[in-house]
Structure formats: C-alpha cells, structure tokens
Amino acid sequence: MDRSKEWFSAQISKRMNLQAWQVFNTISLMDGGATIPFLARYRKEATGGLDEVALAALRDNYEQLQELEKRRSFILQSLNELNVITPELEDQVIKAVSLTELEDIYLPYKPKRRTRATIAREKGLEPLAEVIMKQSPIDPNLKAAEFVNPELSVNTTEDALSGARDIIAEWVSEDKSAREKMRAIFTREALISSKPVKGKELEGIQYQNYFDIRENLLKAPSHRILAMFRGEEEGFLKLSIDPETNTPIEVLERLFVKASNESASHVKAAIADSYKRLLKPSIENEVRQIVKEKADLEAIRVFTVNLRQLLLAPPLGQKMIMAIDPGFRTGCKVVCLDRQGNLLHNETIYPHPPQNEVSQAVSKIRNLVSAYGIEAIAIGNGTAGRETENFIRKIPFDRQVICIMVNESGASVYSASAVAREEFPDYDVTVRGAVSIGRRLMDPLAELVKIDPKSIGVGQYQHDVNQTALSRSLEDTVVNTVNQVGVELNTASKQLLSYVSGLGPSLAEKIVEYRKKNGPFKSRGELLKISRFGDKAFEQSAGFLRIRNAENPLDSSAVHPESYHIVAKMAKELNCSLSELVGNKDIRTKIKPEKFITEQAGLPTIIDILEELSRPGRDPRSKFDLFEFDKNINSIEDLKPGMILNGIVTNITAFGAFVDIGVHQDGLVHISQIANRYIKDPNEVLKLTQTVKVKVNEVDVARKRISLSIKEALNGNQ
C-alpha cells in the first residue's frame, strides 16, 4: 500500500511535536535532494527554522516510517498468500503504528521452524489443545485417550496432554495482548543482574566493578549497560534480566485461566512453560535491544558532541610550521611546512636516549627555523612528546617561535591511509604522520576530515555500539561542522570539499582538477563551468564555499548567490557600493529588513543576510590560545596528591572527563568532581580541547591511573 506525503507528514508531526506544514515542506525538499546544512541555513521559511539536529531527527523518522510501510506491505502480501487474511486482520495490520505491534499481529501466522507445538500439531493434537483451552468441565484424561496413536508416537494419554500443552504454550506466547502485558511488566520492573562467570574472576579483573550488580534495567547508565554487555560478550560476566516479582505468571493466568478444574490446571502448566521457555526469552531479547539502543544513542551522542568540539578546535592559521613526531629509539621525525601546509623539508633528529645526539639536534632545529622562517613548532603528544617539548623549549632561537603540543590521535591512521599515500607517495608513514601533526595545528578541521571519525578516539565504547548508526551520526556531525565553518574554494583539499553540501567525492575531485588546470576560482559562478556540475549542486553548495579576495565581496561570505540581488538592492537603497556595504556595521543598521522581503526570502533569510554582511565569512571557531604544561611534571612518577596543574580536556564521557596533564597518561575527572554543583552531563561545563586547572587526588602508578578534580582546584584545596 502506498502512503501519501501528507500521511507521512502527519505521523512525523505527531512524533516530533511539529507543525504538519513544516514536515511536509522539509520532506519534499529532502526528496528533491536538499541537504541538512542547506535546509538549516537557507530554507528557514520552509522548515520553520528547524536546526541541524531537528532536521536529522526528522529525516530519521521519515526513513523509519518508510521502512515500516515496506514491512506492512510485505506482511499483507504474506497473509494473502497464506490465505488467512480477513477484513479484521487486514484492518489491524493497516492501523498498526509500530514495528513491534506489526510483528505481534503477524507472529501467529509467520512461517517458523519446527517447534514442539508444530510437532504436536503434526500428531493431530491441536483439537485436544482447543478443548483444554476452553476449560469446560470435562475430564482431560478421558479426552486425551481419544488421541493416543502409537503410529504418530502418541503412546499414552500423558503424551497427548503434553503435546496439547505445547500447543497452548505457543498460543500464549504468540497472543498479542499477552506480549503487550509482558512488555509493560519488563519495562516497569525488569532488573539486570551481573555476576562473574565461575572460574574467570581473575581473568576478567577489568570487569570487577560489575561482579555483583543488581539494578533497574531501564534506569542503569548507558556506559554501565555497554560495559556489562561487553563483559558478557567476552565471556567474563553472566547477565540475567528478570522482573522484580512473580507478576508475569499472575498476569498471564488472569488473562488465560477461566475456570477452576482439571483443564485449567493444564492451562496453568502450559502458561508456566510458555513464560519460561518462550515468552520470557523473547521479551527479554526485546528489552535488551531497547536498552542497548538507548545506551547506543547516549554513547553516540557523547561521541558526536566530542567530535564536533574537536573539529571546531581553534586553528592557529596560516603560519610557517615545523612539526615533530617524537620518538626515542627511532628518533624524532621533523618536517617543515609552508603556510598552505605543503611539505618543504623533512629529516630525523635523535635528541633522546639511546643516541643522545643533543648538540647535533639543536643545530639542525635552529638552522631549519632560520632557513624556513618557522613561526610555530607543533609537537605530537605521544611517546617522547613531553621530553621533546622540553628539549625544544631550551633551544635559544634568533626569532620568536611558539611551541605547542598537538593531540596526535588518529595521525597514524592517516599516515597509512590511501589519502596520505596519494598526497605523499615518496615518503614513509613517519613523515606523513609529522605532516598531519603540523597541519592539525594550522587547521584541525581541514586535517581531521581526512581520518575516519571513529579513529579519532573521542568517545566511549565506540566499538560496542551500532556501527551503522554511529557512522551516520558522525558523518552528519562532520558535514554540519564543515558547512558551518565554510570552505575556502581555492585551497581546500578534495577530502574537505567532499563534505560540502551537495558535492561529494566525485564533484570535489573535479573541483580540484579544474583548479589545477585553470588556476584559482575568481567567482562562485565559475563552478558551473565544471563538467557535470549542475544547477542543483550549485544551489546546495555555493553558499558554503568561500573565495578570499574575490571580485564580488559576497563570494567570500555566507550569503547565497540566490540572494545577491537582494544585497544589490540594499546597496542601491543606501546609495553605496557592495564593497562599502559588506562589513560596514554602521551602514547596515540603516537597513529596514521588512523592505527586502520577497516571495522566496522571508524575514529569517533577510536577518541572516544582514548578520553575514556585518561579519562576512566569519570563522565561528574561537581564537587560538597558547598553553603550556607544568615544566616540572613529565611522567606519572612526578605526580603527588594535592598538586594543582594545567591540563587539556581530551575526552568527555557520560561519567566524567579525561584530562591530559602532560604525563603520557590522561587523568580522570569523575562527573562528581567537575563542578561545585550537580551536573547531569559533563558537557554542561566542559568542552573538548578546553584548558582547565585540576587537582591531583590519587595516583596509582602500577595501574597507570590518575584521579583528578576540577572543583577542588577551583576551590583552592591543596
């Protein structure tokens, strides 16, 4: 059956508490190829001002409903083919509002493997089951005797009764009302218990916090659920999920037991068997899936928030950069980059043990800084990172050079990737890794988009969650962030361009090829000269692409070309040129937005245009701040409880935040130690790459664990 767009709009508007017209306009535009960033930025009138998060949720609901309709059509077709469809059954299927409800309706008719009930039916015992289920005042044993048939392996009356109970047990487990009531009980009462697998207590010591847990399943924190499920998967934990009371059996008996006689006793026995063998495992699996999905959503939310913050980390900007990938035995890989991130020079120095070629390394670094006009030195924060930072800071330079530690998570993934091999086919992975570290300092966003977001390591349990959902959410985050910042058309890599609304890898590559052949783009309109770059791609992408110092100043702004005529009208109204209007806040204040509303551009669009004109092409990322670790702290052995240190937030989870204090081992600030007030989510207070002061509370050198407190550092407790 085919549903209209109006039907989908009505369903989604109920789910999301939106106006039906908002939903209808949005899904119509999405069906026409509009992207989420484009809709959020340039179609506010049509969507009612929905942001990226709401638009993604709307899209997901739309896709879920479409999948639901596919399943509904399949079930109707299957019921027709089985010749069991009735007007009442068809009406139930059509009116079902969820996949769970649909599957409950279909379950009794669904083709299934041979079960104890199907075997009993093959023995001709279904009529006996029907008689017993009616619970009329007859003797079940006398009735069962009529069904004894050694040829069908029904040798005794008990064989017949047992088979009948198997059939009744299946009826109970497939009853729609029974399943709904069991779901409600498990949702309300289910407890999850966790115990160590016998004999594996020492082997699974990492799960010792979960060796004796019993708590409400649906209230358990997401990170604890994922940890317990992982422990079970790895064979170290044994989990059980049960309602707190014996309510399920009582509810089922009230539903199916209609008398007090021998037949009712058999029905009770069948109910107990059905619950233990069929219903409980089935509902438990459903509830497990529900809490797993809930935990996945929370873990994915944490991951995407962290990723967004990392992508929006402040860029140092276009500087002459020296980047160092530190190492002890293999030496430190040194590269020099120009202001566009191109590799100018590379070599290796050995300032650390076992070589200890300190004076030679100092000479090389000083010469390179002088020869290439180095303005900043980026040092990876991995092995030998602090030692290399201390070495560099002691070198006397003839010019001012800033030294910055850079988070190198994922740099090794990039250096071994096809992207890196294509960029630097003649260099090994160590040189590529150093280049990536340097480019991250210049522009974290432009460099991090070359790496699979899952490899950046800013989440919790990312390998345990639904990988399809995780990948999509991370992809959405990267796309939305790239388009929020905007992309410089004449310098962006094809990897960065591929995330621009409406482009993708193919058009991104064509842009780079065109740029190489024809030189820098002089205007956004020049994009239409590229082969297979059509009007739709231009509509979706142009507003997010910037051309610095373009002849038309609007080409370096977020004003979409479709609105250039509105800005021209504004300039004419004020009797000034475009150049005079763009960036001139005093002139802009003279504009009355209402005068420029058109059929296509409402007040939200006009206000956006005026905001952009006052700060054209403004980078939403914050200003870069220099940061230094404590010079006297280099390893975990140097730490003492009570110390107050500078740190950088490297990861945020549901239970707290990890902070780099410069000792190769991040410390944990538990959520209770973040603020002087109760917080539900660390993201209320902290952001990734934020600099913080922390107090060292505990140090476990053997287990490499550091416990930190931000609130005690703020309170000055020493």
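Colleague: Is the crossing of α13 and α15 left-handed or right-handed?
Modeller: This is a predicted model, so let me start with the geometry of the pair. The axes of α13 (residues 222-233) and α15 come within 9 Å and cross at roughly 120°. That angle makes α13 oblique to α15. As for the sense of the crossing, α13 and α15 are left-handed.

Colleague: Nice, and how many nonpolar residues has the contact of α13 with α15?
Modeller: From α13, the contact takes Ser 222, Ile 225, Leu 226, Phe 229 and Glu 232. Its partners on α15 are Arg 288, Val 291, Lys 292, Ala 295, Asp 296, Glu 298 and Ala 299. Sorted by class, there are five charged residues and one polar, and the nonpolar ones number six.

Colleague: Since α15 has come up, which element gives the most to the lining of the largest pocket?
Modeller: The elements that give two or more residues to that lining are α5, α7 (99-106), α12 (176-189), α15 (262-311) and α22. The largest share is 13 residues, and it comes from α15.

Colleague: How many charged residues has the lining of that pocket?
Modeller: The largest pocket holds about 2000 Å³ of space, and 41 residues line it. Nearest its centre lie Asp 60, Gln 64, Glu 293, Leu 297 and Ala 469. By class, the lining has 11 nonpolar and 10 polar residues, while the charged ones number 20.

Colleague: Helices α5 and α22 both line the pocket, so at what angle do α5 and α22 pack?
Modeller: Here α5 covers residues 52-81 and α22 covers residues 467-485. Their crossing is right-handed. The axes are 12 Å apart, and the packing angle is about 145°.

Colleague: And how many residues of the contact of α5 with α22 are charged?
Modeller: Helix α5 brings Glu 52, Ala 56, Arg 59, Asp 60 and Glu 63 to the contact, and α22 brings Arg 472, Asp 476 and Asn 480. One of these residues is nonpolar and one is polar, which leaves the charged group at six.

Colleague: Turning to the N-terminal pair, why is α1 described as oblique to α2?
Modeller: The axes of α1 (residues 5-16) and α2 (residues 20-31) come within 8 Å and cross at roughly 125°. An angle between 115 and 145 falls outside the perpendicular and antiparallel ranges. That makes α1, relative to α2, oblique.

Colleague: Which handedness has that crossing of α1 and α2?
Modeller: The contact is made by Lys 5, Glu 6, Phe 8, Ser 9, Ile 12 and Ser 13 of α1, together with Ala 20, Val 23, Phe 24, Ile 27, Ser 28 and Asp 31 of α2. By class, that contact has six nonpolar, three polar and three charged residues. The way α1 passes α2 is right-handed.

Colleague: On to the backbone: which residues does a cis peptide bond join?
Modeller: Look in the loop between β6 (343-349) and α16 (358-371), where Pro 354 is found. Omega there is about 5°, and the cis bond joins Pro 353 and Pro 354.

Colleague: Last one: what is the phi of Ala 384?
Modeller: Ala 384 sits in the loop between β7 (376-380) and α17 (385-393). Although Ala 384 is not a glycine, its phi is positive, at about 70°.

Methods. Residues are numbered from 1 along each chain as its sequence is written. This is a predicted model: local features need pLDDT of at least 70, side-chain atom pairs count only at pLDDT 80 or more; totals for chains, interfaces and linings use all residues. Side-chain values use heavy atoms; hydrogens and water are left out. Axes are lines fitted to C-alpha atoms, for helices over the stretch in contact, and angles run from 0 to 180 degrees between N-to-C directions. Helices (H or I, at least four residues) and strands (E, at least two) are DSSP runs, numbered from the N terminus. Angles under 35 degrees count as roughly parallel, over 145 as roughly antiparallel, 65 to 115 as roughly perpendicular and the rest as oblique. A crossing is left-handed if the near helix is turned anticlockwise from the far one by less than a right angle, and right-handed if clockwise. Contact means heavy atoms within 4.5 Å. Ala, Val, Leu, Ile, Met, Phe, Trp, Tyr, Cys and Pro count as nonpolar, Asp, Glu, Lys and Arg as charged, and the others, Gly among them, as polar. On a 1 Å grid over the protein atoms alone, a cavity is a set of points where a 1.4 Å probe fits but cannot get out, and a pocket is an open set with protein on both sides within 12 Å along at least five of seven lines; lining residues have an atom within 4 Å of a point. Grid points are joined across faces, edges and corners, and a volume is the space filled by probe spheres set on the points.
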